[in-house]
Amino acid sequence: MNHYSIKAVTFRNPNPGNMTIPWFDRETGILLLDELAEAQPSFRKILEDGIITPEELLDQSNHVLELMQLLDKQLDDRQHQLVTELLSELAVLFAALQYHEIQQLKHQ
């Protein structure tokens with residue numbers, strides 16, 4: 001069984017008057033995707049027992065759909081187009097990473 005250690009994540013906001021959480025490390029430009037995920041209560045809840053259940057995946061899927069529906073209502077056409085492209089490219093990246101991992105396992 002895999003066990004995960006969840007660390008508390010604190011973001012250093014370069015502009016304390018702005019509540020926007022940065023997507024990129026200000027010094028390195030690296031995307032803070034792992035840190036963003038780890039900071040979410042949903043991430044910690046899903047991994048707290050080291051087992052990810054089908055119910056947890058369904059709950060998270062529903063949560064993401066709710067957020068997307070909320071966002072969909074608030075975007076103008078240009079913003080919607082940009083977010084659609086981002087989501088599509090993230091889906092491509094996710095699929096490519098999965099296929100790459102499968103390839104690596106086949107060649108071990």
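## Starting with the helices

A helix here is a DSSP run of H or I that is at least four residues long, and the numbering of helices starts from the N terminus. With that in hand, you can place Val64: it belongs to helix α3. Keep in mind as you look around that this is a predicted model.

How many helices and strands does the protein have? There are four helices and zero strands. Walk along from the N terminus and the elements read α-α-α-α. The helices we'll meet below are α1 (33-38) and α2 (41-47), followed by α3 (54-74) and α4 (77-106).

## The protein as a whole

Of the 108 residues in the protein, just 6% count as buried. The accessible surface adds up to about 9,700 Å², and carbon and sulfur atoms hold 59% of that.

What about contacts between residues that sit apart along the chain? Take the contacts with a separation of 6 or more: 31% of them are between residues 24 or more positions apart.

## A nonpolar patch

On the surface there is a nonpolar patch of about 680 Å². Its members are Val64, Leu65, Met68, Leu86, Leu87, Leu90, Leu93 and Leu97. Two elements, α3 and α4, each give two or more residues to this patch. Which one gives the largest share? That would be α4, with five residues.

Val64 is one of the patch members. Is Val64 buried, exposed or something in between? Its relative accessible area is 37%, so it counts as partly exposed, since that label covers the range between the 20% and 50% cut-offs.

## The largest pocket

Now for the largest pocket, which has a volume of about 2,000 Å³. Its lining is made of 35 residues, and the ones nearest its centre are Leu33, Gln60, Val64, Leu87 and Leu90. Three of these names, Val64, Leu87 and Leu90, also turn up in the nonpolar patch.

Which helices supply the lining? α1, α2, α3 and α4 each put in at least two residues. The biggest contribution is from α3, with 10 residues.

## Two residues by the pocket's centre

Gln60 is in helix α3, and with a relative accessible area of 25% Gln60 is partly exposed. Leaving aside residues up to four places away in sequence, what does Gln60 touch? The answer is Ser42 and Ile46. Gln60 and Ser42 are 18 residues apart in sequence, yet their C-alpha atoms are 7.6 Å apart in space.

Leu33 sits in helix α1. Like Gln60, Leu33 is among the residues nearest the centre of the largest pocket. Leu33 has 48% relative accessibility, so it counts as partly exposed, because a residue has to be over 50% to be called exposed. Along the chain, Leu33 and Trp23 are 10 residues apart, and 7.1 Å separates their C-alpha atoms.

Methods: Residues numbered from 1 in each chain as written. Predicted model: local features only at pLDDT ≥ 70, side-chain atom pairs only at ≥ 80, totals over all residues. Heavy atoms only, no water. Patch = residues over 30% accessible without salt bridge, like charges linked within 9 Å, V, L, I, M, F, W, Y side chains within 5 Å. Areas by Shrake-Rupley, 256 points an atom, 1.4 Å probe, with all protein chains shown as cover. Salt bridge = Lys/Arg side-chain N within 4 Å of Asp/Glu carboxyl O. Buried < 20%, exposed > 50% of the residue type's maximum accessible area, 1.4 Å probe, protein only. Contact = heavy atoms within 4.5 Å. 1 Å grid on protein atoms, 1.4 Å probe; cavity = no way out; pocket = protein on both sides within 12 Å on 5 of 7 lines; lining within 4 Å. Points joined across faces, edges and corners; volume = space filled by probe spheres on them.
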